Amino acid sequence: MVQPSLADMTRIWTIVVGGSKKCKTYGLGVNQSSSSSSPMFPNSASILLNAEEMKATRTKIEELTQHCAVSDAKFAKFEALVKKHMPQVFEDREDSESDD
């Protein structure tokens with residue numbers, strides 16, 4: 001796949017947002033040149049920040065996944081206890097599901 005050059009991407013972005021107006025294009029700044037950065041080509045600081053945010057997000061997902069696993073296990077134990085001591089609750093539910 002051929003990647004367009006930075007100058008081509010800047011020109012495409014300018015066209016997409018409605019063309020240049022008074023030497024300004026939304027999101028590109030004043031008198032944007034093809035050599036400076038744009039929202040489509042983030043600088044290394046923003047890439048680093050995004051990598052840190054992604055790492056934090058992955059960590060949070062792992063924590064929540066573990067929490068869900070613990071909650072699922074607790075619920076399964078509770079469900080087994082209820083089935084053992086109150087089987088009619090599950091029999092009633094099965095009867096009503098078969099009626100639907």
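Begin with the whole chain in cartoon view: three helices and two strands are present. Followed along the sequence, these elements come in the pattern α-β-β-α-α. The model is a predicted one, and its mean pLDDT is 75, with 58% of the residues at 70 or more.

**The whole chain**

Next, display the molecular surface of the chain. About 8,600 Å² is exposed, and carbon and sulfur atoms supply 60% of that area. Of the 100 residues in the chain, 8% are buried. For the contacts with a separation of 6 or more, residues 24 or more positions apart account for 28%.

**Confidence along the chain**

Now colour the chain by pLDDT. Which element has the highest mean pLDDT, and which the lowest? Helix α2, residues 44–85, has the highest mean at 89, whereas strand β2, residues 29–30, has the lowest at 52. Then select residues 31–37, where pLDDT stays under 50. For this segment the model has nine contacts beyond four places in sequence. Where pLDDT is low, the predicted coordinates should not be read in detail.

**Helix α1**

Move to helix α1, residues 6–16, and show its side chains. Which residues of α1 are buried? They are Met9, Thr10 and Thr14. These three cover an arc of only 135° around the axis, so they lie on the same side of α1. An α-helix has 3.6 residues a turn, so residues three or four places apart point the same way. Rotate the view to the other side of α1, where Ile15 and Val16 are exposed.

**The nonpolar patch**

Keep Val16 selected and add Ile12 and Val17: these three residues make a nonpolar surface patch of about 250 Å². Where is Val17 found? Val17 belongs to the loop between α1 and β1, the latter being residues 24–25. Is Val17 buried, partly exposed or exposed, and what is its relative accessible area? Val17 is partly exposed, because its relative accessible area is 33%, a value between the 20% limit for buried residues and the 50% limit for exposed ones. Val16, on the other hand, is exposed, and the patch thus brings together Val16 of that side of α1 and Val17 of the loop that follows.

Terms used: Residues are numbered from 1 along each chain as its sequence is written. This is a predicted model: local features need pLDDT of at least 70, side-chain atom pairs count only at pLDDT 80 or more; totals for chains, interfaces and linings use all residues. Side-chain values use heavy atoms; hydrogens and water are left out. Patches are made of residues with over 30% relative accessible area and no salt bridge: like charges are joined within 9 Å, nonpolar side chains (Val, Leu, Ile, Met, Phe, Trp, Tyr) within 5 Å. Accessible areas come from the Shrake-Rupley method with a 1.4 Å probe; for residues, only the protein chains shown count as cover. A salt bridge is a side-chain nitrogen of Lys or Arg within 4 Å of a carboxyl oxygen of Asp or Glu. Helices (H or I, at least four residues) and strands (E, at least two) are DSSP runs, numbered from the N terminus. Buried means under 20% relative accessible area, exposed over 50%, partly exposed in between (1.4 Å probe, protein chains only). The arc is that of the directions from the helix axis to the C-beta atoms. Contact means heavy atoms within 4.5 Å. pLDDT is the predictor's confidence in each residue, from 0 to 100.
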